[in-house]
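Hi there,

Here is the structure I promised to send over. Have a look at it first, and then read on for my notes.

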Amino acid sequence: MCVQGFAQIEGQDYSSTFSPTGKLTSFRMLTVFALKNKLKFEQVDVKSAFLNATLDETVLINPPQGVKTSSGKVLWLKKALYSLKQAPQAWHNTLSTWLFSVGFHRCEAEPCVFWRKGTFLYVHVDDIAIFSEVPSVFKLELGNRFQIKDLSVPSLFLGMNITFF
């Protein structure tokens with residue numbers, strides 16, 4: 001389904017689109033910290049992440065081809081779809097709110113880094129790097145809330161080759 005986000009008008013269809021993206025230097029610093037503290041590094045991907053995010057604005061769309069509705073009817077979107085301008089922000093807010101509810105704190109200097117005792121996360125949209133003594137604890141929690149793909153020990157993260165010695 002395409003919602004034609006390119007046709008959205010700022011101030012009318014959405015108020016804000018800003019969504020932070022983690023800095024590569026933050027990822028590198030977390031990696032060094034993890035190595036120094038003997039933390040494991042694993043990765044998960046949240047499947048269809050944007051579809052988990054509720055929208056703050058009212059978004060109405062024309063029914064897609066094949067959907068039978070009365071003439072002149074529109075559909076009310078309650079969840080974010082990938083081409084909406086506000087979808088990345090809605091997803092980041094949804095994930096952040098959930099992380100806070102399970103005891104994580106956000107780094108003041110880097111809004112894509114979260115931590116709680118013994119576990120550090122680097123979030124890049126729907127990819128999450130987990131640095132922890134026991135990553136499976138967080139993965140189980142996350143998997144209970146969102147559908148995830150467990151990528152376990154990564155060989156590639158954000159286009160960077162990862163090699164373990």
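A hairpin of six residues links β4 to β5. Please keep in mind as you read that this is a predicted model. The two strands of this hairpin, β4 (residues 105-106) and β5 (residues 113-116), are antiparallel and held in register by two bridges. If you would like a residue pair to look for, start at Arg106, whose bridge partner in β5 is Phe114.

From β5 you can carry straight on to β6 (residues 119-124), since these strands also pair, again in the antiparallel sense, with four bridges between them. Here Arg116 is the residue that faces Thr119 of β6. Two residues lie between β5 and β6 in this second hairpin. Gly118 sits in that turn, and its phi is positive, at about 80°.

The other spot I looked at is Val74. Where does Val74 lie? You will find Val74 in the loop that runs between β2 (54-61) and β3 (75-79). Is Val74 buried or exposed? The answer falls in between: Val74 counts as partly exposed because its relative accessibility is 43%, and the partly exposed class runs from 20% to 50%.

Which residues does Val74 touch, leaving aside those up to four places away in sequence? They are Leu60, Ile61, Asn62 and Pro63. For Ile61 there is a distance as well: its C-alpha is 5.6 Å from that of Val74, with 13 residues separating the two in sequence.

Best wishes

Definitions and conventions:
Residues are numbered from 1 along each chain as its sequence is written. This is a predicted model: local features need pLDDT of at least 70, side-chain atom pairs count only at pLDDT 80 or more; totals for chains, interfaces and linings use all residues. Side-chain values use heavy atoms; hydrogens and water are left out. Buried means under 20% relative accessible area, exposed over 50%, partly exposed in between (1.4 Å probe, protein chains only). Contact means heavy atoms within 4.5 Å. Two strands pair if DSSP finds at least two bridges between them.
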